[in-house]
Amino acid sequence: MINTTEPTPDRLAEAWRRVSDTSPADEADPLVLDCARRLAADPGGERAHVWVAGLVAMSGYLAWRPGREAERTALDALRAAVQELGGRPCPHDDHPYEAEMRALEDEIWQGDTGLLTGELAAGDGDVDAERILCPRNVAGWARLAVDVIAPFTVRRVPVGAPEHHRSAISTFSGIVNDYPYGDPAEDLIDEAGSLPARPTRGVLAGYLVTMNATCWYAASERITDRSVPDAMIKGVEAAVALLGDDDPCAHAPGEHPSTNDPDHTSRVGYLLRSPGGRAEISEDYGWDSEDEEDQEDEPLDAWVCPAFLHELAAETLVALD
């Protein structure tokens with residue numbers, strides 16, 4: 001294991017870069033724990049940006065199946081950084097992390113946050129170090145990482161679903177409202193095969209929600225090609241196999257979302273797949289309001305609840321069979 005007692009940005013970046021969703025826990029967890037503990041020790045300190053950068057870089061691993069201690073420690077440290085840094089005054093109207101949210105189509109950040117060096121990668125625009133290392137920018141990256149690992153457990157994520165997701169929302173709205181823009185059979189088959197091998201909780205939930213919103217159309221007389229429902233069945237069954245069911249459902253009876261409106265459900269299906277999209281769902285429930293009286297006490301994390309998703313998948317498979 002790489003010795004990070006006296007870390008330098010280059011050595012840390014190289015170690016963190018090797019941690020991904022395919023990394024074994026015995027290799028990844030020590031690096032996550034080291035980084036998270038350093039951040040937790042001084043979440044508002046002058047080195048906080050370094051440790052936030054590390055946890056963002058390793059979020060692909062943390063969003064899949066990390067060790068429980070590594071996940072808990074990382075989330076606690078990131079939330080502490082949000083608490084310490086997110087409310088500090090600054091002169092900036094916006095911050096670099098907001099512009100990069102458009103690249104989070106599969107939720108996992110593949111680029112350079114700039115937090116280690118104070119410089120963004122070439123081609124990302126001329127952004128000064130002060131703005132990159134601004135405490136609010138560091139807190140913004142911490143918020144995104146928390147929301148990717150544990151959706152709907154952090155507030156003040158900016159609204160900003162990726163453009164590709166916006167386009168998909170329009171496509172599936174046309175299908176479920178029975179005025180498809182293109183070939184609905186082709187669109188549904190493409191969607192059925194779109195699930196990544198190791199999706200985040202948000203992407204997995206969004207996929208199953210989209211399958212449910214569109215299953216009635218695929219099973220209707222509008223689709224005569226049996227390969228469409230067959231592809232969707234195959235995709236849903238693969239998604240169910242990825243659902244974790246170790247934790248008991250934390251929701252009271254009636255708290256799981258209603259999916260009776262296919263248009264609303266298909267929209268949510270794609271908004272669930274990114275921090276900015278989930279922020280739009282949260283905005284609908286007043287989560288962006290400073291006034292707590294405007295905030296509806298809706299358990300939005302029920303959209304990613306494994307028990308809810310198992311039920312939804314079973315309903316979808318019955319409709320498609």
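A cavity is a set of grid points where a 1.4 Å probe fits but cannot get out, whereas a pocket is an open set. In the predicted model described here, one cavity of 30 Å³ or more is present. The space within the largest cavity amounts to about 60 Å³. Its lining consists of Val56, Ser59, Leu104, Glu107, Trp109, Trp141, Leu144, Ala145 and Val148. By residue class, this lining comprises seven nonpolar residues, one polar and one charged. Helix H8 is the greatest contributor to the lining of the largest cavity, with four residues; this helix spans residues 135–149.

Open pockets were examined next. The largest pocket has a volume of about 980 Å³. A total of 34 residues line the largest pocket, and those nearest its centre are Arg68, Glu71, Arg201, Asp247 and Pro306. Three helices, H5 (68–85), H11 (201–218) and H15 (306–320), each provide at least two residues of this lining. The largest share comes from H5, which supplies five residues. In composition, the lining of the largest pocket contains 20 nonpolar, four polar and ten charged residues.

The second largest pocket encloses about 630 Å³ of space. Arg17, Ala57, Trp109, Gln110 and Gly111 are the closest to its centre among the 29 residues that line it. Here the helices that each give at least two lining residues include H1 (9–17), H3 (48–57) and H4 (59–62). Helix H3 gives the most to this lining, with four residues. The lining of the second largest pocket divides into 15 nonpolar, nine polar and five charged residues. Trp109 takes part in the lining of the largest cavity and also lies among the residues closest to the centre of the second largest pocket.

The interior was then considered. The largest nonpolar core holds 50 residues, and the members that touch the most others are Leu39, Val52 and Leu55. Two or more residues of this core are given by each of H1, H2 (25–41), H3, H4, H5 and H8. When residues up to four places away in sequence are not counted, Leu55 touches Val32, Cys35, Ala36, Leu39, Leu62, Ala74 and Leu78. A second core, separate from this one, has 44 residues, among them Ile175, Leu208, Leu242 and Tyr270.

Helix H2, one of the contributors to the largest core, was examined in further detail. This helix has 17 residues and reaches 23 Å from its first C-alpha to its last, close to the 24 Å expected at 1.5 Å a residue. The buried residues of H2 are Ala28, Asp29, Leu31, Val32, Leu33, Cys35, Ala36 and Leu39. In an α-helix there are 3.6 residues a turn, so residues three or four places apart point the same way. Of the buried residues of H2, Val32, Cys35, Ala36 and Leu39 are among those that Leu55 touches.

Finally, histidine 95 was considered. This residue is located in the loop between H5 and helix H6 (96–100). Histidine 95 counts as buried because its relative accessibility is 8%, and the limit for a buried residue is under 20%. With neighbours within four places in sequence left aside, histidine 95 is in contact with Cys90, Arg131, Cys134, Arg136 and Asn137.

Terms used
Residues are numbered from 1 along each chain as its sequence is written. This is a predicted model: local features need pLDDT of at least 70, side-chain atom pairs count only at pLDDT 80 or more; totals for chains, interfaces and linings use all residues. Side-chain values use heavy atoms; hydrogens and water are left out. On a 1 Å grid over the protein atoms alone, a cavity is a set of points where a 1.4 Å probe fits but cannot get out, and a pocket is an open set with protein on both sides within 12 Å along at least five of seven lines; lining residues have an atom within 4 Å of a point. Grid points are joined across faces, edges and corners, and a volume is the space filled by probe spheres set on the points. Ala, Val, Leu, Ile, Met, Phe, Trp, Tyr, Cys and Pro count as nonpolar, Asp, Glu, Lys and Arg as charged, and the others, Gly among them, as polar. A nonpolar core is a set of buried Ala, Val, Leu, Ile, Met, Phe, Trp, Tyr and Cys residues joined through side-chain atoms within 4.5 Å. Buried means under 20% relative accessible area, exposed over 50%, partly exposed in between (1.4 Å probe, protein chains only). Contact means heavy atoms within 4.5 Å. The expected span of a helix is 1.5 Å times one less than its number of residues.
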